[in-house]
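Visitor: I'd like a close look at one part of this protein, and then a walk outward from there. Could you take your time over it?

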Amino acid sequence: GRALLVLLLSATVSLLGGLIFGYELGIISGALLQLQTDFHLSCFKQEVLVSAVLIGALLASLAGGILIDRHGRRRAILVSNLVLLVGSLILTLAGSFTVLVIGRVTVGFAISVSSMACCIYVSEMVAAHQRGLLVSLYEVGITVGILLSYALNYVFADVDEGWRYMFGLAIAPTVMQFLSILFLPVNPVKLSSWDSDCQKGLIPLQDTEDRAAAKREPYQEKHYSFLDLFRTRDNMRRRTLVGLGLVLFQQFTGQPNVLGYASKIFHSVGFQSNSSAILASVGLGAIKVVATLVAMALADKAGRRVLLMAGCVVMAFSVTTIGLTSRMAPLAMARDCTAATGPNASHSLTQHPLTPVLPQSAVSPVPPAAGAGKSQAGPGFAATRGLTNVFASTQSKEVVPNSSLSQKRDLGGQSKKGTLGSTGPPLGAAPWAQHTVLNWITLLSMMAFVSAFSIGFGPMTWLVLSEIYPAGIRGRAFAFCNSFNWAGNLLISLSFLDLIDAIGFSWMFLLYGLMGVMAVIFIYLFVPETKGQSLEEIDQQFSRKR
């Protein structure tokens with residue numbers, strides 16, 4: 001009975017950790033629409049607000065590893081829950097732009113520490129044959145959290161100061177996670193003496209070999225300094241190569257950006273009204289949840305390597321297809337980020353021109369019909385675009401704003417047309433009408449990309465990272481790779497528009513396809529299979545191999 005309880009609590013901690021992460025990343029897109037009018041935010045301020053989470057997360061990935069290694073995984077999660085509660089309260093009660101930014105940085109710090117500690121804690125807590133399932137549950141939580149945040153964006157869209165509720169609701173899952181983890185035993189890895197209580201709590205989860213190894217481990221644990229990550233000792237250098245390769249390829253296959261264009265593609269396929277576009281995006285979100293569940297089921301059967309390679313092949317194929325179809329049927333790219341904050345602008349979101357909510361929302365997905373002055377999009381579309389953006393990546397910290405070229409709107413809502421050079425016809429035209437078949441191919445490719453990411457790179461990167469390092473340096477190593485993940489994301493998202501200007505949209509996607517092929521080769525050569533092995537066996541396997 002106790003073993004089952006520990007298993008269920010581990011699953012709850014993993015799922016709630018992911019849920020909070022996804023929710024905090026997704027909720028900003030809907031909140032921004034209201035914040036923009038309540039606080040009269042300029043484009044630059046909106047970008048600062050969106051990227052504040054990223055700054056907090058980067059700070060956490062630099063400092064969090066030490067916290068996780070020194071004070072244990074369980075305590076790190078408890079601390080991150082408390083920090084998140086503080087951050088959510090700051091946001092809920094915020095009265096100025098500066099307070100909002102402080103709140104978002106705090107939240108970013110908390111979810112980043114929590115994301116690292118949860119994956120490591122759960123991987124150390126359960127038996128080898130359940131590890132893939134339970135660590136992947138974290139990724140399922142993220143996808144569900146993002147879907148939930150969009151549902152709530154929609155619910156509170158027309159509520160006065162609805163953003164306060166949006167930010168405040170994150171408190172509930174945080175408290176639940178805090179309570180769940182209080183009932184879990186401290187990790188055996190961290191015990192200097194093997195106490196009987198922990199033995200009762202943890203051992204039933206693990207089979208005999210695991211049990212013997214866990215009993216030995218507290219006495220055998222080696223101490224590593226941070227610089228050991230780059231030395232040949234215990235083959236640490238190769239482990240670092242595997243970790244960094246995975247997080248960087250996860251970003252450089254283009255996933256932060258591919259979905260920035262999702263809402264535009266939905267539009268071109270004929271999802272003309274706001275509600276149908278929202279449904280289409282929620283559909284994309286649902287596909288992502290289902291694909292992550294598939295990955296969770298297969299992680300311990302098919303293995304990590306197989307899923308990573310299969311996912312990469314499909315991703316490379318689908319971005320290449322998008323690249324080729326967009327050569328034949330170019331999409332017009334333009335963006336707009338100023339709010340209609342005129343004297344007569346009402347609080348109802350439906351009257352605001354669209355706001356690109358997240359970084360890559362480099363796109364205004366609603367090209368006005370030729371001659372139409374008013375923006376036809378309401379909260380639905382903004383939420384949709386945010387949704388598709390956030391879905392671009394889960395654990396992958398996709399929130400990065402862009403600053404260059406913005407298409408201004410004056411108070412009347414008239415749009416001054418400014419399109420990105422060389423990316424196709426002007427916004428007023430509907431260049432897609434004649435390319436129906438190609439548009440559907442593009443849409444299906446996008447769905448394939450989302451599914452492949454959610455089966456391969458999405459969950460497996462974090463699973464492998466939580467397995468390949470020795471216990472003594474696991475927290476710092478995970479945090480080190482994580483900081484590259486956030487930085488890679490920042491780089492990809494910020495350079496996107498400039499690259500499109502330089503080489504064009506379709507070449508950009510063909511480049512992502514090439515990166516996908518390189519990722520397959522990298523995984524084939526360097527990433528070992530870790531399914532069904534205890535953490536000690538994985539450690540020995542790495543230490544032997546040169």
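Visitor: Which side chain does the side chain of Q255 make a polar contact with?

Guide: Happy to zoom in. Bear in mind that this is a predicted model. The partner is Q251: the two side chains make a polar contact at 3.5 Å. Q255 itself belongs to helix α11, which covers residues 255–258. As for solvent, Q255 has a relative accessibility of 0%, so it counts as buried. Its partner's number, 251, brings us to α10, which spans 236–252.

Just ahead of α10 there's a residue with a backbone quirk. D234 sits in the loop between α9 (208–220) and α10 (236–252), and its phi is positive, about 50°, even though D234 is not a glycine. D234 also counts as buried, because its relative accessibility is 16% and the cut-off for buried is under 20%.

Now hop to another loop with the same sort of feature. H40 is placed between α1 (2–38) and α2. Here too phi is positive in a residue other than glycine, with a value near 50°. The solvent picture is another matter: H40 has a relative accessible area of 55%, so H40 is exposed, the threshold for that being over 50%.

Follow the chain on into α2, residues 43–71, and you reach R70. R70 is exposed as well, with a relative accessible area of 62%. What I'd flag for R70 is a long-range pairing: its C-alpha atom is 8.8 Å from that of G475, although the two positions lie 405 residues apart along the chain. That goes with a wider pattern in the protein, where 86% of the contacts between residues at least 6 apart in sequence join residues at least 24 apart.

For another side-chain contact, look at S506 in helix α19, residues 505–526. Its side chain makes a polar contact with the side chain of R327, at 3.1 Å. Once you set aside neighbours within four places in sequence, S506 is in contact with G323, S326 and R327. With 8% relative accessibility, S506 counts as buried.

Next, the helix packing. Two packed helices are described by the angle between their axes and the distance between the axes. Start with α1 and α5: their axes come within 6 Å and cross at roughly 35°, and the crossing is right-handed. The residues of that contact divide into 19 nonpolar and 12 polar, with no charged ones.

α5, residues 128–155, also packs against α17, residues 457–468, at an angle of about 125° and with the axes 9 Å apart. The two helices are therefore oblique to each other. This crossing is right-handed. On the α5 side the residues involved are R131, G132, V135, S136 and E139, and they meet G458, P459, M460, W462, L463, S466 and E467 in α17. By type, the residues of this contact divide into five nonpolar, four polar and three charged.

Zooming all the way out, the protein has 20 helices and zero strands. Of its 546 residues, 63% count as buried. Q255, where we began, is one of the buried residues, at 0% relative accessibility.

How values were computed
Residues numbered from 1 in each chain as written. Predicted model: local features only at pLDDT ≥ 70, side-chain atom pairs only at ≥ 80, totals over all residues. Heavy atoms only, no water. Axes fitted to C-alpha atoms, helices over the stretch in contact; angles between N-to-C directions. Helix = DSSP H or I, 4+ residues; strand = E, 2+ residues; numbered from the N terminus. Parallel < 35°, antiparallel > 145°, perpendicular 65-115°, else oblique. Left-handed = near helix turned anticlockwise from the far one by under 90°. Contact = heavy atoms within 4.5 Å. Nonpolar A, V, L, I, M, F, W, Y, C, P; charged D, E, K, R; others polar. Buried < 20%, exposed > 50% of the residue type's maximum accessible area, 1.4 Å probe, protein only. Polar contact = N/O pair within 3.5 Å; in protein donor to acceptor, adjacent residues only side chain to side chain.
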